[in-house]
Amino acid sequence: MFQESESTNSSHTSMLKASLKIREVLNVLSDIASQTNLLSLNASIEAARVGEQGRGFAVVAKEIRKLSNASADSSGQIRQMMGEVQTEADEIFRIKEAYEQEKALLDSLLNSSEDLIFFKDLNLKFTRVSKSMVSVFPGETPESLIGKSDFDFYSKEEATRYSESEKQLLTQGGEVADHINTERQTDGSIRFLLTTKFPLYGKDETVIGLYGITQDITHLEAKIANARKKIEGCEAEQKKIVNFMS
């Protein structure tokens, strides 16, 4: 983020310096136009003074005046265009700086979040992923996941199931919430994942992809399983007591 911001500031500074140089040139042209106009005026006065003998001189003075006026008009138009370009350039740099700030926030989230965060395009291929996503796909990096889909990692049956669900999300909107699936780890243990997915909209409110957040709830599932065992144990003891009492 710091390097990008430095780059933006450097580009903006270069643009301002170039603009100042152009303005300096325009000032010189304006001075030349003013001096040329003054020269034309003096020539006209001299031509009028000498009478018939100064007719040729008067024609030259007239042409010099036209050139002076044209130079002044061109300088004014260039100044106006420079002002418009400068305004547009300032807006572009403002937008670029805002983009870099937003990107820095997203990068920070993707690099630090323990939750699994991913973005997919309309072809259901990864476009951005959090660093934590590599825990689901061993041997991969956030960069190597870009452009890949579920079909590159899961069985055809599993990938098709995920794909159909996501296609429905892209066409019908809404969200896919509280979707729990399991992942078998290399040590044979089961990992429980809770995923929520949403459509991703562009500036014109059309769907351009989707994004999702997956949380590892294995520890919660373990607690639920232990609680279930305790409940079952209590129910068994209760039945024994009922049988004994009867």
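**View 1. Thr-195 in strand 4 of the predicted model.** Thr-195 is found in strand 4, which covers residues 190-201; the model shown is predicted. With a relative accessible area of 6%, Thr-195 is buried, because the cut-off for that class is under 20%. The side chain of Thr-195 makes a polar contact with the side chain of Thr-214, at 2.8 Å.

**View 2. Surroundings of Leu-210 in strand 5.** Strand 5 spans residues 207-216 and includes Leu-210. The relative accessible area of Leu-210 is 0%, so this residue is buried. Leaving aside neighbours within four places in sequence, the residues in contact with Leu-210 are Phe-118, Phe-119, Lys-120, Leu-124, Glu-166, Leu-169, Leu-170, Phe-198, Pro-199 and Leu-200. One of these contacts, Phe-198, is 12 residues from Leu-210 in sequence, and the C-alpha atoms of Phe-198 and Leu-210 are 5.6 Å apart.

**View 3. Leu-124, a residue with positive phi.** Leu-124 is placed in the loop between strand 1 (116-120) and strand 2 (126-129). Its phi is near 65°, a positive value in a residue other than glycine. Leu-124 has a relative accessible area of 8% and is therefore buried. Leu-124 is also among the residues in contact with Leu-210 of View 2.

**View 4. Glu-205, a second residue with positive phi in a loop.** The loop between strand 4 and strand 5 contains Glu-205. Although Glu-205 is not a glycine, its phi is positive, at about 70°. The relative accessible area of Glu-205 is 61%, so Glu-205 is exposed, whereas Leu-124 of View 3 is buried.

**View 5. The ring pair of Phe-137 and Phe-153.** A search of the whole structure finds seven aromatic pairs. In the pair shown, the ring centres of Phe-137 and Phe-153 are 4.3 Å apart and the planes are at 35°, so the pair is tilted. Phe-137 lies in the loop between strand 2 and helix 3 (142-145), and Phe-153 in the loop between helix 3 and helix 4 (156-172), so the pair ties together parts that are 16 residues apart in sequence. Phe-137 is buried, with a relative accessible area of 5%. Phe-153 is partly exposed, at 26%.

**View 6. The ring pair of Tyr-154 and Tyr-162, and the aromatic cluster.** For Tyr-154 and Tyr-162, the ring centres are 5.2 Å apart and the planes are at 80°, so this pair is edge-to-face. Tyr-154 counts as buried at 17% relative accessibility, and Tyr-162 counts as buried at 8%. Tyr-154 and Tyr-162 belong to one aromatic cluster, which also includes Phe-118, Phe-126, Phe-137 and Phe-153. Phe-118 of this cluster is in contact with Leu-210 as well.

**View 7. A nonpolar patch on the surface.** Ile-22, Ile-78 and Met-81 form this patch. Together the three residues have about 240 Å² of accessible area. Ile-78 is placed in helix 2, which runs over residues 55-112. At a relative accessible area of 31%, Ile-78 is partly exposed; a patch residue needs over 30%, so Ile-78 can be counted in the patch.

Notes. Residues are numbered from 1 along each chain as its sequence is written. Side-chain values use heavy atoms; hydrogens and water are left out. Helices (H or I, at least four residues) and strands (E, at least two) are DSSP runs, numbered from the N terminus. Buried means under 20% relative accessible area, exposed over 50%, partly exposed in between (1.4 Å probe, protein chains only). Contact means heavy atoms within 4.5 Å. A polar contact is a pair of N or O atoms within 3.5 Å; within protein, one must be able to donate a hydrogen and the other to accept it, and residues adjacent in sequence count only if both atoms are side-chain atoms. Patches are made of residues with over 30% relative accessible area and no salt bridge: like charges are joined within 9 Å, nonpolar side chains (Val, Leu, Ile, Met, Phe, Trp, Tyr) within 5 Å. Accessible areas come from the Shrake-Rupley method with a 1.4 Å probe; for residues, only the protein chains shown count as cover. A salt bridge is a side-chain nitrogen of Lys or Arg within 4 Å of a carboxyl oxygen of Asp or Glu. Rings of Phe, Tyr and Trp (its six-membered ring) pair if their centres lie within 6.5 Å; planes under 30 degrees apart count as stacked, over 60 as edge-to-face and the rest as tilted.
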